Amino acid sequence: MKAQLFAIAAVTLLSAGCSGADSADAPTSSSPGTVNPSAEPSAMTDAQPPPEQLVIDVTIKGGKVTPTNDQLQAGVGEPIVVRVDSDATDELHVHSTPEHSFDVGIGPAQSFQFTVSVPGRVDVELHELHATIATIQVR
Ligand SMILES: [Cu+2]
């Protein structure tokens, strides 16, 4: 079931990319053999938006964690940062493909970054507290 959903998502992504490239190429393909001296390759870099980034602020205090069961969304390959302020050690586990595991120490402003390369539902858990911080829908 999961593999099937992934296949559909992958096909959707591929076809979207193809149609975009086709329409951009269409005007320049009408005069083969001629070189266009006015083409500016640098014009494309201006159109790039800044990379998006999802930041999850987590507090672990007195055996409790906030937030729990947060519902979030992120893109494939988008940096996801978990910032932890904790009074106990724990293991931060990201159920993605590939999965990620981080050692949480005691102290403020601990930053853990990862990306997810396969679309799907990604649980971010604390294994010592047996708590789910957030579920991220990666598209
Ligand atoms: Cu886990």
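1. Rings of Phe, Tyr and Trp (for Trp, its six-membered ring) pair if their centres lie within 6.5 Å; planes under 30 degrees apart make the pair stacked, over 60 edge-to-face, and the rest tilted. With that in hand, one aromatic cluster to look for here is made of Phe-102, Phe-112 and Phe-114.

2. Before going on, a word on what you are looking at. This is a predicted model, in which local features need pLDDT of at least 70 and side-chain atom pairs count only at pLDDT 80 or more, while totals for chains, interfaces and linings use all residues. Residues are numbered from 1 along each chain as its sequence is written, and side-chain values use heavy atoms, with hydrogens and water left out.

3. Now the overall layout. The protein chain has one helix and nine strands, where helices (H or I, at least four residues) and strands (E, at least two) are DSSP runs numbered from the N terminus. The order of elements from the N terminus on is α-β-β-β-β-β-β-β-β-β. Of its 139 residues, 28% count as buried; buried means under 20% relative accessible area, exposed means over 50%, and partly exposed is in between (1.4 Å probe, protein chains only). Take the contacts (heavy atoms within 4.5 Å) between residues at least 6 apart in sequence: 59% of them join residues at least 24 apart.

4. Back to the aromatic cluster. Two aromatic pairs are counted by the rule above. Phe-102 and Phe-112 make a tilted pair, 5.3 Å centre to centre with 35° between the planes. Phe-102 sits in strand S6 (residues 100-104) and Phe-112 in strand S7 (residues 107-114), so this pair ties together parts ten residues apart in sequence. Both Phe-102 and Phe-112 are buried. Phe-102 also forms a tilted pair with Phe-114, at 6.2 Å centre to centre and again 35° between the planes. That second pair links Phe-102 in S6 with Phe-114 in S7, twelve residues apart, and Phe-114 is buried too, as is Phe-102.

5. Next, the metal. Which protein atoms hold the copper ion? They are ND1 of His-93, NE2 of His-95, OE of Glu-125 and NE2 of His-127, lying 2.0 to 2.4 Å from the ion. Donors here are N, O and S atoms within 2.8 Å of the metal (3.2 Å for Na, K and Ca), and since water is not among the atoms, sites may look incomplete. The angles among the four donor atoms run from 79 to 164°, and the site is square planar. For that label, four donors need opposite donors over 155 degrees apart and all others between 65 and 115.

6. Along the sequence, the donor residues follow the spacing H-x1-H-x29-E-x1-H. His-95 in strand S5 (residues 90-95) and Glu-125 in strand S8 (residues 120-126) are 30 residues apart, so this pair links distant parts of the chain. Are these two buried or partly exposed? His-95 is partly exposed, at 35% relative accessibility, whereas Glu-125 is buried, at 19%.

7. His-93 deserves its own look. It is in strand S5 and is buried, with 10% relative accessibility. Its side chain joins that of Glu-99 through a polar contact of 2.7 Å; such a contact is a pair of N or O atoms within 3.5 Å, and within protein one must be able to donate a hydrogen and the other to accept it, with residues adjacent in sequence counting only if both atoms are side-chain atoms. Beyond its neighbours within four places in sequence, His-93 is in contact with residues including His-100, Ser-101, Asp-123 and Val-124.

8. How do the strands around the copper site pair up? Two strands pair if DSSP finds at least two bridges between them. S5 and S8 are antiparallel over four bridges, with Val-94 opposite Val-124 in S8. S8 also pairs with strand S9 (residues 131-138), antiparallel over seven bridges, and Val-122 has Ile-136 in S9 as its bridge partner. S8 and S9 form a hairpin with four residues between them, and His-130 in the turn has a positive phi of about 55°. Five of the seven residues of S8 are buried, so the strand is largely enclosed by the rest of the structure.

9. Last, a loop residue. Thr-115 lies between S7 and S8 and is partly exposed, with a relative accessible area of 36%. Leaving out residues up to four places away in sequence, Thr-115 touches Gly-77, Glu-78, Pro-79 and His-100. Its C-alpha atom is 8.9 Å from that of Ser-96, which is 19 residues away along the chain.

Terms used. Tetrahedral: all angles 85-135°; square planar, octahedral: opposite > 155°, others 65-115°.
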